[in-house]
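Work through the following exercises with the sequence and the coordinates open. Each task is followed by a solution in steps.

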Amino acid sequence: MTTKHAFFPLLYLALYALTLGACGSGDSQTQEKSAILPRIAIAGLAIESSTFSPAVTQEDAFHARRGDEVFGYYPFMHEDSLNRARATWFPTLRGHAIPGGIVAREAYESLVGETLDRLRENLPYDGLFFDIHGAMSVVGLDDPEGDFIQRVREVVGTETIISTSMDLHGNVSWRLAAHSDLITCYRMAPHEDALESKKRAVDNLLERLESGMGKPAYKAWIPVPILLPGEKTSTRVDPGKALYAEVYPAADQEGVTDAAIWVGYAWADEPRNHAVVMVTGDDRSTVTETAEKLAASFWEKRFAFEFIAPTASLRESLDMAIASDKKPFMISDMGDNPTAGGAGDVTWTLREILARPEFQSPDGPLLIYASIPGPELVDAALEVGVGGQVTAKVGAAVDDRFSPPITLSGTVTAIEQGDQNAETEVVVAVGSVRVIVTAKRKPYHRESDFTNLGLNPRESDIVVVKIGYLVPELYDMRADWIMALTPGGVDQDLERLEFKRINRPMFPFDPEMETPDLSARLVPLSHEYEE
């Protein structure tokens, strides 16, 4: 059965080429070329959604690209690239949202519905590149990515080979694993290999189609009952570094197509949220043994996972930063990190900073705070311009559980418009603090995010960023760094959150739990799977 399904796409292409010749419309070189190339669609939606945040994500947050615009996500798919020349491509819709709250059901249905309509326009397909994150939550729907891929299958059929690309902080349900023929995820956190991983997913798909091998014969899936935040599982340091180093040789074995470890997403209270190991390939024993070895290694290292940087309360963090002669001293405001799913508008940390006497004089330590949404203040700043005085409320429009809105009074030092996420950015000087206020929330990850606003983070005493572990540019810039245990929708103290639906026992919630069954479970091939 496997052999028949493996060769079906190429058989279809051969018949398609003969049909073109018979009807007299296959004379041009372009038509002949397209007739022998595999037909591959592209689709996907990506977001991390915290179910512990009161925010709700709407459709516009995904900034969806359609048709040929989708190629812009992938530098390895530019018009003259080798990958582009290896297939006839049919990009449909792909959206990518900043992490946030649960996705509105109407937004999800609209984006998925449009994707399915676009897929119907160019049937049939030999392959489909399914580019997702894996941690999307949707109102009233468990396992959205599993639902999405199942609905894609209903349109494209079971013969199409689907190659799924994911973030390692995504979740792999049995249903998602079953409908995916090829599957992979990032091997680095921070995700410096994101494009490399997506290219691997595309290359794996192309190679299976071009060789005629079709779907890998075996998919080993192992749920690992561990749920840890990314700030404890970074691959910069051990044990995450050592664990993910094992993936590279595992994936390079004869008989293995790919191997992957998913840490999972820690801030959604759903049964699918836990770590997973998957290995795909054509040699059953190698596939299953490799998956079991990786799962056992993860389990054995579970007690060694600690925060990638020192942690402290915000008060302790500020005390250390003020006393330090190293600059910039960076503080991660972790609990409201918008790149993990926080609302991004919790005012608790900013309120504490502004209350400190050290920052109330212009001569105090120069501190940059990035950032807080405040459309009311942005409007006021646009009226008075740079150099003008503003007084307006900021923050806590979405998440006011820990602190109410702040009335911010200060001098406008910069205004920038046109950012895709923030829309408008304003810098307000309050004492020695420079507060970045945005029309809509935005993460600040690059040095240019600051310098474009006339700020010099390298020469500032303290930089407070709503983030968890520092992304590469900030990490390289830091002179010192502390991660502050602040409140918000992505609180790093998971045991303070009210989990009710995750599978138990689960580490670290149940540290004395017995060793789980980490034997490989073979997932049905997509054409054999039944709900």
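**Exercise 1. A parallel sheet**

In which sense do β2 and strand β6 (residues 100–103) pair, and over how many bridges? Place the pair in its sheet.

Solution. The model is predicted.
Step 1. β2 and β6 pair in the parallel sense, over two bridges.
Step 2. One residue position can be checked by eye: S49 stands opposite G100 in β6.
Step 3. The sheet is open and has three strands in the order β2-β6-β3, with parallel pairing. β2 (49–50) and β3 (56–57) each have a single partner strand, so one side of each is left without a neighbour in the sheet.

**Exercise 2. The nine-stranded sheet and two helices across it**

Determine the strand order of the sheet that contains β13, find its edges, and state which strands α11 and α13 lie across.

Solution.
Step 1. Nine strands make up an open sheet with mixed pairing, in the order β13-β21-β14-β20-β15-β19-β18-β17-β16.
Step 2. The edges are β13 (311–312) and β16 (389–394), each of which pairs on one side only.
Step 3. Take one pair from this order. Strand β17 (residues 406–419) and strand β18 (residues 423–430) are antiparallel and share seven bridges; E423 in β18 is the bridge partner of D419.
Step 4. Helix α11 (residues 314–323) lies across β13, β14 (329–333), β15 (367–373), β20 (462–465) and β21 (480–484), and it runs at about 170° to β14.
Step 5. Helix α13 (residues 375–384) lies across β15, β16, β17, β18 and β19 (433–438), at about 165° to β16. β15 is named for α11 and also for α13.

**Exercise 3. Length and cover of a helix**

What span should helix α10 (residues 284–300) have, and how far apart are its end C-alpha atoms? Then list its buried residues and the elements that cover them.

Solution.
Step 1. At 1.5 Å a residue, the 17 residues of α10 should span 24 Å.
Step 2. The end C-alpha atoms of α10 are 24 Å apart, which agrees with the expected span.
Step 3. The buried residues of α10 are T286, V287, T288, T290, A291, L294, A295, S297, F298 and W299.
Step 4. Their cover includes β10 (218–224), α8 (240–245), α9 (247–251), β11 (256–262), β12 (275–281) and β22 (521–522).

**Exercise 4. A strand covered on both faces**

Which residues of strand β9 (residues 182–185) are buried on each side?

Solution.
Step 1. L182 and T184 are buried on one side of β9, I183 and C185 on the other, and both faces are covered.
Step 2. Strand β8 (residues 161–166) runs parallel to β9 and is joined to it by four bridges. In one of these, S165 has T184 of β9 as its partner.

**Exercise 5. Backbone exceptions**

Most residues other than glycine have a negative phi, and most peptide bonds are trans. Locate the exceptions at P190, P505, H63 and D143.

Solution.
Step 1. A189 and P190 are joined by a cis peptide bond with omega about 5°. P190 is in the loop between β9 and α7 (194–211).
Step 2. The bond from R504 to P505 is also cis, with omega near 5°, and P505 lies in the loop between β21 and β22.
Step 3. H63 has a positive phi, near 45°, and sits in the loop between β3 and β4 (65–66). With a relative accessible area of 30%, H63 is partly exposed.
Step 4. D143 has a positive phi of about 55° and is found in the loop between β7 (127–131) and α5 (144–156). D143 is buried, because its relative accessible area of 10% is under the 20% cut-off.

**Exercise 6. Cavity and pocket**

How many cavities of 30 Å³ or more does a search of the whole structure find? What lines the largest cavity and the largest pocket?

Solution.
Step 1. The search finds one such cavity, and the largest cavity has a volume of about 30 Å³.
Step 2. Its lining consists of K232, T233, S234, V237, D238, P239, G240, F305 and E306.
Step 3. The largest pocket holds about 1500 Å³ of space. It is lined by 48 residues, and H96, H191, T339, H445 and R446 lie nearest its centre.
Step 4. β5 (88–96), α7, α14 (447–451) and α15 (472–477) each supply at least two lining residues of this pocket. α7 gives the largest share, three residues.

Conventions. Residues numbered from 1 in each chain as written. Predicted model: local features only at pLDDT ≥ 70, side-chain atom pairs only at ≥ 80, totals over all residues. Heavy atoms only, no water. Pairing = 2+ DSSP bridges. Expected span 1.5 Å × (residues − 1). Buried < 20%, exposed > 50% of the residue type's maximum accessible area, 1.4 Å probe, protein only. Contact = heavy atoms within 4.5 Å. Axes fitted to C-alpha atoms, helices over the stretch in contact; angles between N-to-C directions. 1 Å grid on protein atoms, 1.4 Å probe; cavity = no way out; pocket = protein on both sides within 12 Å on 5 of 7 lines; lining within 4 Å. Points joined across faces, edges and corners; volume = space filled by probe spheres on them.
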